[in-house]
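Trainee: I'd like to learn how to read a ligand site and the sheet beside it. Could you walk me through this one?

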Amino acid sequence: MSHTLTVPAPPAPSQAAAGPVDTAAVEDCVRQLLRALGQDTDRPGLLETPARVARFWAEFLGHEPGSTGTVFEHTVQGEDCVAVGGIRTASMCEHHLLPFTVEVSVAYRPDGQVLGLSKIVRIVEQHAHALQLQERLTAQVAEEVARLTGSQAVAVWAVGEHQCMTVRGVRAHGARTATEYLLPALACDALLTERLRRAAAMTGASR
Ligand SMILES: Nc1nc2c(ncn2[C@@H]2O[C@H](COP(=O)(O)OP(=O)(O)OP(=O)(O)O)[C@@H](O)[C@H]2O)c(=O)[nH]1
């Protein structure tokens with residue numbers, strides 16, 4: 001019989017909002033930004049824009065991932081791997097405040113317990129709702145899955161498309177960025193890493 005355990009939530013990631021979003025202040029700033037951009041903030045199309053943008057930031061940074069810590073005892077004779085792929089979400093480039101879309105795959109070898117499958121998606125969402133770097137998002141998801149499962153064999157892959165590279169700057173439409181994060185214990189275990197890669201590939205997700 002398997003037992004459900006709940007692992008406590010960790011402290012907030014360091015780059016998460018330091019406190020609740022001050023929507024009134026954001027609204028004010030957006031109005032000032034529009035004026036600095038030479039816009040007439042009294043024209044009908046823009047009247048509600050500052051409030052809308054403020055609501056967006058409150059919603060984005062205030063994202064509540066729900067419970068992420070449900071694990072189940074899991075003991076088997078053989079070797080097994082778990083992978084969840086095709087987790088598509090959006091995060092925010094901290095350099096330009098422009099979104100990037102990302103598809104994440106997570107694979108790990110259980111070490112006595114497995115994580116609720118939906119919790120892997122929730123963990124990705126938790127770390128995506130922040131001012132981010134794709135590389136840091138990839139690493140944070142792996143570290144969190146390791147913390148919750150107690151497994152040191154965790155790998156995460158992400159494929160992203162960054163608007164800061166498409167709508168501005170190099171304007172490289174279609175350029176995609178792939179990141180991989182292996183927990184240190186995997187770095188010297190090519191065989192296990194390959195097994196995790198194969199498990200992630202079985203989900204059919206791009207990596
Ligand atoms: N590891 C594993 N987890 C499963 C499987 N089938 C369902 N689950 C997960 O079991 C977990 C139960 O978590 P709870 O927090 O108790 O239930 P919940 O509130 O319905 O969880 P959410 O689905 O996150 O809303 C969920 O994360 C499910 O995705 C399975 O075959 N393997």
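Mentor: Happy to! Let's begin with a term: a polar contact is a pair of N or O atoms within 3.5 Å. Keep in mind that this is a predicted model.

Trainee: Which polar side-chain atom lies 3.0 Å from an oxygen atom of the ligand?

Mentor: That one belongs to Thr70. Lys119 also offers a polar side-chain atom, 2.7 Å from a ligand oxygen. Leu117 takes part through its backbone instead: an N or O atom there lies 3.3 Å from a nitrogen atom of the ligand.

Trainee: How much of the ligand does the protein bury?

Mentor: On its own the ligand exposes 630 Å², and the protein buries 47% of that.

Trainee: Which residues are around the ligand?

Mentor: The shell is made of Ser67, Thr70, Phe72, Val114, Leu115, Gly116, Leu117, Ser118, Lys119 and Arg122. Sorted by class, there are four nonpolar, four polar and two charged residues.

Trainee: Which element supplies the largest share of that shell?

Mentor: Helix 4 does, with four residues. This helix spans 117-128, and strand 2 and strand 5 join it in supplying at least two shell residues each.

Trainee: Those strands bring me to the sheet. How do strands pair in general?

Mentor: The general idea is that strands of a sheet pair through backbone hydrogen bonds, either parallel or antiparallel. In this structure, three strands form an open sheet in the order 1-2-5, with antiparallel pairing. Strand 1 (4-6) and strand 5 (113-115) are the edge strands, each pairing on one side only. On average, neighbouring strands are turned by 35° against each other, direction ignored.

Trainee: How many bridges join strand 1 to strand 2?

Mentor: Three, and the two strands run antiparallel. Thr4 has Phe72 of strand 2 as its bridge partner. Strand 2, residues 70-73, also pairs with strand 5 over three bridges, again in the antiparallel sense.

Trainee: What stands opposite Phe72 in strand 5?

Mentor: Val114 does. Along the strands you will also find Val71 opposite Leu115. Phe72, Val114 and Leu115 are among the residues around the ligand, as is Thr70.

Trainee: And where do side chains point along a strand?

Mentor: In a regular strand they alternate between the two faces of the sheet.

Trainee: Which helix lies across strand 2 and strand 5?

Mentor: Helix 5, residues 134-149, running at about 135° to strand 5.

Notes
Residues are numbered from 1 along each chain as its sequence is written. This is a predicted model: local features need pLDDT of at least 70, side-chain atom pairs count only at pLDDT 80 or more; totals for chains, interfaces and linings use all residues. Side-chain values use heavy atoms; hydrogens and water are left out. Two strands pair if DSSP finds at least two bridges between them. Axes are lines fitted to C-alpha atoms, for helices over the stretch in contact, and angles run from 0 to 180 degrees between N-to-C directions. Contact means heavy atoms within 4.5 Å. A residue is near a molecule or strand if one of its heavy atoms lies within 4 Å of it. A polar contact is a pair of N or O atoms within 3.5 Å; within protein, one must be able to donate a hydrogen and the other to accept it, and residues adjacent in sequence count only if both atoms are side-chain atoms. Accessible areas come from the Shrake-Rupley method with a 1.4 Å probe; for residues, only the protein chains shown count as cover. Ala, Val, Leu, Ile, Met, Phe, Trp, Tyr, Cys and Pro count as nonpolar, Asp, Glu, Lys and Arg as charged, and the others, Gly among them, as polar.
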